[in-house]
Every structure is written in structure tokens, then in C-alpha cells.
Amino acid sequence: MLDIVSSRHEAALRRTVAKARSGDPAAVGRLYDLFAGRVYRFALVRVDSPADAEDLLQRTFLKVIEALPRYEERGLPFAAWLFRIARKAVIDFERTRHGHVDLDAIAEHADEGQGPAALAEAASERAAIRAGIERLTADQRAVIEYRFFAGLSHREIGLLMNRNDGAVRALQFRAIESLRDHLGSLPEFMGSAEGRA
């Protein structure tokens with residue numbers, strides 16, 4: 001049953017991508033709606049603030065819109081292609097903004113109604129996760145980011161990384177074990193996604 005739902009979802013996504021490639025603004029909007037949350041989470045784990053993650057989300061979709069007319073699946077599903085663009089955007093951002101403190105973002109968070117303790121706790125949790133992920137090998141880090149923050153399947157990750165599903169699963173397992181050693185207990189979203197294909 002899941003295969004039928006998955007294949008219907010993939011077919012609908014292909015139709016939406018085809019319409020977006022031809023310039024249909026509603027289709028581009030649907031792609032944004034489908035992937036914005038995942039791109040945001042993917043970026044947030046690598047940057048210091050939600051404002052930076054929002055900026056990366058916008059940069060990623062600008063690049064996606066620019067590149068859409070040239071997109072051809074050729075064995076790489078749309079989601080994997082999109083997150084390849086997102087990863088490059090994050091890398092470019094890290095190179096240019098290393099050590100930069102965004103005062104506007106700090107002021108924006110002060111106005112959100114969250115108290116200093118809640119902001120500090122959220123920042124501390126993100127920093128701990130980021131530190132744990134940084135201790136992983138580059139391949140383990142990529143698998144964790146793609147799997148748990150971008151929500152890609154093992155197959156999509158394998159296509160991005162030129163590995164088979166089994167190798168991706170083994171990398172994910174070793175990465176999770178390493179994170180458990182570093183963090184003690186894993187955030188709930190990582191534990192819940194372990195069983196998904």
C-alpha cells in the first residue's frame with residue numbers, strides 16, 4: 001500500500017515539476033510549499049540563527065527557480081536535486097559569514113515574545129546538535145543532514161552520494177551511534193525517523 005501511495009506522490013511531484021519548469025507560478029508555489037520546511041530545517045542545523053536559515057531558504061529557492069528550466073531527472077529525483085542546491089547554498093553561506101553576528105536577528109527574536117531563557121535553551125540545543133554533527137565524518141554528517149533535516153529517503157541520499165541503500169543505512173547507523181555517544185540521548189525527531197525507509 002505504501003508503494004502505491006509513494007508512486008502516486010512521485011507522479012504528482014513530477015507533474016508539478018514539469019509545470020514549474022514551463023513557468024507556471026502556481027506550480028512553483030506548490031514546490032515551495034512542499035519543500036520549504038525541509039530546506040529550513042536542513043539549513044538551521046548548520047547556521048547560528050533562524051534568520052540565517054530563512055535567508056538560506058530564500059537563496060535556495062531563488063537558485064532552484066533559476067535552474068528549473070534546465071532540470072532533467074536523469075536518475076536524480078527532484079528532492080535530491082533541490083537539496084544538492086541547498087547544500088551548496090549552506091556551504092557558500094558558511095564561507096562568507098563565518099563568525100558574523102546578525103544584530104537584526106537578535107532584535108527580531110527579542111520581539112517574538114519568547115523570554116531570554118527559552119531563546120537561550122533553543123540556541124543551546126541547536127549548538128549541542130551542531131557540535132555533535134560536526135564530530136562526524138563528512139559522509140556521516142551528510143547522511144544525517146539529508147535524512148533527518150531534509151527528509152530524503154535512503155534511495156535519494158544514495159543517488160546524491162553515489163552509494164547504494166545499504167551503504168547509506170550503514171553510514172546512518174554509525175552516525176547515530178556516534179551522536180548518541182556525544183549527546184547522550186538523541187532529539188525525538190532522529191529517533192522517530194530511524195525506522196522509516
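Over which residues does pLDDT stay under 50, and how many contacts beyond four places in sequence does the model have for them? The stretch is residues 100-111, and the model has 9 such contacts for it. This is a predicted model, so confidence comes before geometry. 

**Confidence**

A second stretch, residues 191-197, also has a pLDDT below 50. Beyond near neighbours in sequence, residues 191-197 have 12 contacts in the model. The average pLDDT of the protein chain is 81. A score of at least 70 is reached by 79% of the residues.

**Overall fold**

The protein chain has 10 helices and 0 strands. From the N terminus on, its elements read α-α-α-α-α-α-α-α-α-α. It has 197 residues, and 40% of them count as buried. Among contacts with a separation of 6 or more, 64% join residues 24 or more positions apart.

**The nonpolar core**

The largest nonpolar core has 53 residues. Phe35, Leu68, Phe78, Trp81, Phe83 and Ile144 touch the most other members. Several helices each supply at least two residues of this core: H1 (2-21), H2 (25-44), H3 (50-67), H4 (78-97), H6 (116-134), H7 (138-149), H8 (154-161) and H9 (165-183). H4 gives the most, with 11 residues. In soluble globular proteins, nonpolar side chains tend to be buried together.

Take Leu68. Leaving out residues up to four places away in sequence, Leu68 touches Val17, Ala20, Arg21, Val28, Leu31, Phe78 and Trp81. Phe78 and Trp81 are also among the core residues that touch the most other members.

**Two helix pairs**

The table sets out two packed pairs.

| Pair | Angle | Axis distance | Handedness |
|---|---|---|---|
| H2 and H3 | about 140° | 9 Å | right-handed |
| H7 and H8 | roughly 140° | within 10 Å | right-handed |

Why is H2–H3 called oblique? Angles over 145 degrees count as roughly antiparallel, and 65 to 115 as roughly perpendicular. H2 and H3 pack at about 140°, and they are therefore oblique to each other. H7 and H8 cross at roughly 140°, and they too are therefore oblique to each other.

In the first pair, H2 brings Val28, Leu31, Tyr32, Phe35, Ala36, Val39, Tyr40, Ala43 and Leu44. H3 answers with Pro50, Ala53, Glu54, Leu56, Leu57, Gln58, Thr60, Phe61 and Ile65. Val28 and Leu31 of this set also touch Leu68.

In the second pair, Asp139, Ala142, Val143, Tyr146 and Arg147 of H7 meet His154, Ile157, Leu160 and Met161 of H8.

**H8 and the residue after it**

H8 is mostly covered, with 6 of its 8 residues buried. The buried ones are His154, Glu156, Ile157, Gly158, Leu160 and Met161. The H8 residues that meet H7 include His154 and Ile157.

Asn162 comes just after H8, in the loop between H8 and H9. Is Asn162 buried or exposed? The cut-off for exposed is over 50% relative accessible area. Asn162 has 71% relative accessibility, and therefore counts as exposed. Asn162 has a positive phi of about 55° although it is not a glycine. Most residues other than glycine have a negative phi.

**Three single residues**

Arg46 lies in the loop between H2 and H3. Its relative accessible area is 15%. The limit for buried is under 20%, so Arg46 is buried. Beyond residues up to four places away in sequence, Arg46 touches Arg87, Val90, Glu94, Arg130, Glu134, Arg141 and Glu145.

Phe148 is found in helix H7. At a relative accessible area of 6%, Phe148 is buried. Phe148 and Gln172 are 24 residues apart along the chain, and their C-alpha atoms are separated by 10.0 Å.

Lys63 belongs to helix H3. With a relative accessible area of 33%, Lys63 is partly exposed. Ile85, Ala89 and Asp92 are in contact with Lys63, leaving aside its neighbours within four places in sequence. Lys63 and Ala86 are 23 residues apart in sequence, and 8.8 Å apart in space from C-alpha to C-alpha.

Notes
Residues are numbered from 1 along each chain as its sequence is written. This is a predicted model: local features need pLDDT of at least 70, side-chain atom pairs count only at pLDDT 80 or more; totals for chains, interfaces and linings use all residues. Side-chain values use heavy atoms; hydrogens and water are left out. A nonpolar core is a set of buried Ala, Val, Leu, Ile, Met, Phe, Trp, Tyr and Cys residues joined through side-chain atoms within 4.5 Å. Buried means under 20% relative accessible area, exposed over 50%, partly exposed in between (1.4 Å probe, protein chains only). Helices (H or I, at least four residues) and strands (E, at least two) are DSSP runs, numbered from the N terminus. Contact means heavy atoms within 4.5 Å. pLDDT is the predictor's confidence in each residue, from 0 to 100. Axes are lines fitted to C-alpha atoms, for helices over the stretch in contact, and angles run from 0 to 180 degrees between N-to-C directions. Angles under 35 degrees count as roughly parallel, over 145 as roughly antiparallel, 65 to 115 as roughly perpendicular and the rest as oblique. A crossing is left-handed if the near helix is turned anticlockwise from the far one by less than a right angle, and right-handed if clockwise.
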